[in-house]
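Here's a walk through one model, with a look at its open and enclosed spaces, a sheet and a pair of helices. Have the coordinates open as you read.

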Amino acid sequence: MQKKPSFPTQIIIGALLVTTIIGAASIWVTSGAISTTNKAANKVTEFYLRELAGRRSQMVQAAINEEFEEMERVLELVEPADLVSQDTLRSFLGKTETAYGSDEFAFVDEDDVVYTRYTTYSGGSRYGFLSDGTLDEGKVISTTDIYGASKRVCLAVPISGLTFLDKGLKACFVEVNIEEIVQGLDFDAKDANTSFCMYYQNGENLTSLDFGSIGAGQNLYEAMHATLGEGEWDEFSKSFAGGKQGGVEFSYNGVRQTLYYAPVPDTNWVLTVLVADNLIQDQVRSVGSEMVARSSVLIIVTGLTLLAFFVAIIIRTRKQSAALLEIERKNTHDAGERAQRSERELGEVKQIAYKDALTGAKNKHAYSEREIDLDMQIREGTVGELAVVVCDLNGLKFVNDTYGHKAGDEYIRSAYKLICGLFEHDSVYRIGGDEFVILMQGSDYEHRDRLLGEFNRRVEKNIARGEVVIAAGMAEREPEDELLQATFRRADERMYYRKAQLKKMGAKTRE
Amino acid sequence: MGTRKVANVLVASLTVAILAVGGARVGYADERGSQQSSYAQQESSAVDFERELDDYMPKKDHYNLFLTYKIEHSWWDAVASGMEDARRQYLQNGITVTYEYLAPKTASAEDQKQRLLTAEKGPYDVIGVDVADEKVISPILDELVDAGHKVMTFSSSDAAKGCKRIAYVGNTHNYEDGAQLAEALCKKLGYKGKVAILVGSEGAPCHEDRARGAQDTIAKYDGMEVVEVVYDQDSVKLARTLTDDILREHADLAGIVCCNMSNPVGAAQAITSAKREVVIVGMDHDRDALRYLRDGIIYCLGVQDCYSIGFDTIQTAIKVADGMMPGKLYPESLEEKTTIIYQNEAEDMLGTLYGVTE
């Protein structure tokens with residue numbers, strides 16, 4: 001049989017189960033909250049980057065437009081006297097540079113000779129816009145490679161009507177430090193996780209600045225090709241080269257990052273913003289960690305509370321159980337005593353009810369109850385082998401009449417003693433004044449003939465001695481005997497036959 | 001100078017020096033691995049962007065220079081970057097240097113002569129010339145000197161021997177450059193095959209000297225033959241056209257020696273288009289040429305330190321303007337180095353010179 005766990009074990013298991021359920025529920029709720037927060041953070045990131053890139057792109061455009069406006073103002077200031085000689089022109093350029101803070105303002109003549117404050121040089125090979133015809137279309141935004149890994153952004157404006165040293169001036173331009181502009185874009189994003197840069201639409205870096213973890217000299221397409229899947233890269237490259245605004249997430253050197261790009265209007269440049277995901281994700285993770293920590297505390301406190309609660313219940317229950325056990329034990333003890341007493345009393349009553357007062361044998365009432373039991377067993381077919389011996393005392397009337405009732409009583413006791421000397425004491429019933437019945441079962445039944453023979457021999461000896469004489473007739477229960485009475489009758493008949501035999505042997509009778 | 005620039009210089013220095021072999025001033029690398037042992041002898045980089053003015057104290061606070069060169073070309077724009085840095089450094093020291101730095105769109109000794117004759121009338125402290133044709137220009141320079149002008153030469157072409165110019169700053173080993181490029185080509189071809197030479201501008205000393213050096217070197221080997229010597233006038237387009245013609249003419253052409261900055265690009269374009277296996281060796285640092293070198297179309301390039309040429313030209317011009325003569329203060333001929341680089345160094349050179357790793 002399987003052993004049941006003890007009550008305290010059940011309590012502890014219950015506490016652990018409740019704690020586990022609460023813990024699992026907390027984790028489920030927390031992870032759901034973190035997931036939702038992550039999704040929200042991603043949307044915020046996208047919105048943030050789109051706004052950041054878009055606004056910065058507009059700022060670059062505004063800075064460029066400001067430069068163009070400045071050039072227009074300078075052109076309005078040029079006087080014929082400024083265009084007399086190299087000295088006068090350089091003096092004019094010096095004044096404008098001082099006034100506008102520009103140190104790269106230049107005029108270009110029809111032979112592509114460039115005039116600046118300090119130098120005059122052939123610019124045809126240096127500035128592509130001077131010879132590729134783009135000036136014919138108006139303002140030009142152009143970049144040029146400078147030997148030694150730097151690039152210059154040139155903002156040029158075509159001009160007419162001005163001559164210098166008999167050559168027509170065809171343009172003026174300024175060289176803009178694009179790196180200063182790009183570096184100035186992070187004025188409100190000064191953290192290590194946000195980078196700005198400027199690329200051509202062909203992916204070449206316009207600056208000599210590293211873009212996050214992407215080296216300054218590395219083509220953006222190639223850098224992204226190494227991180228994106230083929231499909232993603234195709235989509236990105238088409239969007240980037242097509243002058244569209246967009247974003248892409250990727251992992252570079254093990255850092256998850258988001259790149260957002262926005263074309264700078266009127267140029268073939270693309271402003272790029274790179275945010276390491278940990279900028280925002282760290283915030284999300286910290287929120288998540290805090291939630292997990294709080295949930296953990298909740299789980300622990302709940303668990304401890306439940307444990308304490310159940311321990312208190314265990315202690316209280318054990319105390320109550322002990323008290324109840326003591327009461328029960330006391331009650332049980334008293335009840336036992338009462339039961340014993342009742343049983344004893346009942347036994348005593350039964351003794352009185354079922355016993356013959358003279359001999360101590362079972363009486364007629366006991367025999368009747370036994371007869372009912374046996375009849376029921378006969379009906380049910382459960383009765384075993386059974387024999388009935390009917391005994392009748394010879395000469396009791398003679399003794400009573402001759403020696404008095406006291407001697408008669410003694411004569412009866414002697415008869416009972418003689419019967420019990422051979423037959424099972426418990427199976428002997430006194431059913432009348434001089435009549436006994438023996439119900440033989442078990443061992444007595446097996447030895448019934450021997451026992452009866454011995455009984456009869458002792459009786460026959462008593463005849464000569466003048467002692468108690470008992471006529472006994474025995475009958476075995478036959479299968480057709482549906483009642484004990486049937487067996488009794490046959491035994492009774494045989495008893496009478498015996499009685500006659502004993503009379504012949506000299507035993508006294510009533511007659 | 002930015003950290004990036006410094007890093008690029010260091011990288012270039014290391015990679016170039018590893019492959020450097022060579023003569024007194026010219027570093028030549030060998031593809032077979034002898035570069036490592038030569039490195040210890042060649043401490044400088046291909047291009048030195050970390051230049052600072054020397055201790056010389058100029059006598060005036062303003063100098064005005066006239067500088068003219070062969071042809072509008074990005075090679076001289078590179079030289080100009082060194083000049084600009086020197087000018088800025090002088091300005092930071094309170095000395096204003098102004099200059100004109102002019103060239104025709106097409107190489108022309110006559111054009112240069114006219115410019116010099118015009119400059120003779122100008123208020124210049126020094127007239128500097130990158131000689132377009134030494135036979136034409138050297139006499140003009142002598143006349144200018146005789147007229148009291150302070151004249152110097154610079155860049156890649158000095159005047160003829162005996163010219164009265166005061167000093168020269170630039171490549172003094174053009175012949176050796178051509179010879180070394182040709183030697184590398186011959187070795188690559190197993191000293192056997194037909195070779196064409198794209199010279200550049202006819203009469204330009206630097207181009208002619210390199211071509212002569214190449215021809216003399218090739219002539220040493222019986223199995224080698226120069227089948228064409230043509231002038232591309234320092235034009236990529238013309239170099240491409242000439243190479244196309246040569247390829248059609250010589251189906252068994254094995255190599256091309258390119259003696260200036262433009263013709264390696266034109267030759268590589270033609271070879272790529274024709275899908276021919278021809279070994280190209282050439283000069284200088286054109287971005288496209290470096291790409292072809294990286295991609296294995298060009299075998300090797302001789303890279304000159306244009307930045308230092310420009311920087312030293314301005315420094316020397318100031319001393320010349322002050323009447324200081326060559327000697328202890330500065331050499332009469334200041335040599336600037338050339339470094340031969342191969343395919344494995346192309347990427348770093350692109351990063352160093354153009355800021356790209358493509």
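Start with the second largest pocket: by class, its lining has eleven nonpolar, nine polar and ten charged residues. Keep in mind that this is a predicted model. The pocket has a volume of about 650 Å³, and 30 residues line it. Nearest its centre you'll find Gln86(A) and Leu165(A) from one chain, along with Glu100(B), Leu102(B) and Tyr124(B) from the other. Which elements give two or more residues to this lining? From chain A they are helix H2 (86-100), strand E2 (113-115) and strand E3 (119-122). Chain B adds strand E1 (62-68), strand E2 (96-102) and helix H4 (109-119).

Next, the enclosed spaces. The structure holds three cavities of 30 Å³ or more, and the largest of them has about 50 Å³ of space. Its lining includes Trp75(B), Trp76(B), Cys206(B), His207(B) and Arg210(B), as well as Asp234(B), Asp284(B) and Gln304(B). Two helices of chain B, H3 (74-92) and H7 (205-219), each supply at least two lining residues. H7(B) gives the most, with three. By class, the lining of this cavity splits into four nonpolar, four polar and three charged residues.

Here are the two spaces side by side:

| Space | Volume | Lining by class |
|---|---|---|
| Second largest pocket | about 650 Å³ | eleven nonpolar, nine polar, ten charged |
| Largest cavity | about 50 Å³ | four nonpolar, four polar, three charged |

Now for chain B as a whole. Its secondary structure comes to twelve helices and twelve strands. Of its 358 residues, 61% count as buried. If you take the contacts in chain B with a separation of 6 or more, 73% of them are between residues 24 or more positions apart.

Chain B also has an open sheet of six strands, in the order E7-E6-E8-E9-E10-E12, with mixed pairing. Why is one side of E7(B) and of E12(B) left without a neighbour in the sheet? Strand E7 (224-230) and strand E12 (338-342) stand at the edges and each has a single partner strand, so there is nothing in the sheet on the other side. On average, and ignoring direction, neighbouring strands here are turned by 20° against each other.

Zoom in on a couple of the pairings. E6(B) and E7(B) run parallel and are joined by six bridges; one to look for puts Lys194(B) opposite its bridge partner in E7(B), Glu225(B). Is strand E6 (residues 193-198) of chain B mostly covered or mostly uncovered? Mostly covered: five of its six residues are buried. Further along, four bridges join strand E9 (residues 279-283) to strand E10 (residues 298-304) of chain B, again a parallel pair. There, Ile280(B) has Ile298(B) as its bridge partner. Lying across E10 and E12 of chain B is helix H12 (residues 343-354), which runs at about 115° to E12(B).

Finally, hop over to chain A for a helix pair. Helix H8 (residues 396-403) and helix H9 (residues 405-422) of chain A pack at an angle of about 145°, and their axes are 7 Å apart. On the H8(A) side the contact is made by Leu396(A), Val399(A), Asn400(A) and Tyr403(A). H9(A) answers with His405(A), Ala407(A), Gly408(A), Asp409(A), Tyr411(A) and Ile412(A). By class, the residues of this contact are six nonpolar, three polar and one charged.

Key:
Residues are numbered from 1 along each chain as its sequence is written. Chains are lettered from A and ligands numbered from 1 in the order in which they are written. This is a predicted model: local features need pLDDT of at least 70, side-chain atom pairs count only at pLDDT 80 or more; totals for chains, interfaces and linings use all residues. Side-chain values use heavy atoms; hydrogens and water are left out. On a 1 Å grid over the protein atoms alone, a cavity is a set of points where a 1.4 Å probe fits but cannot get out, and a pocket is an open set with protein on both sides within 12 Å along at least five of seven lines; lining residues have an atom within 4 Å of a point. Grid points are joined across faces, edges and corners, and a volume is the space filled by probe spheres set on the points. Ala, Val, Leu, Ile, Met, Phe, Trp, Tyr, Cys and Pro count as nonpolar, Asp, Glu, Lys and Arg as charged, and the others, Gly among them, as polar. Two strands pair if DSSP finds at least two bridges between them. Axes are lines fitted to C-alpha atoms, for helices over the stretch in contact, and angles run from 0 to 180 degrees between N-to-C directions. Contact means heavy atoms within 4.5 Å. Buried means under 20% relative accessible area, exposed over 50%, partly exposed in between (1.4 Å probe, protein chains only).
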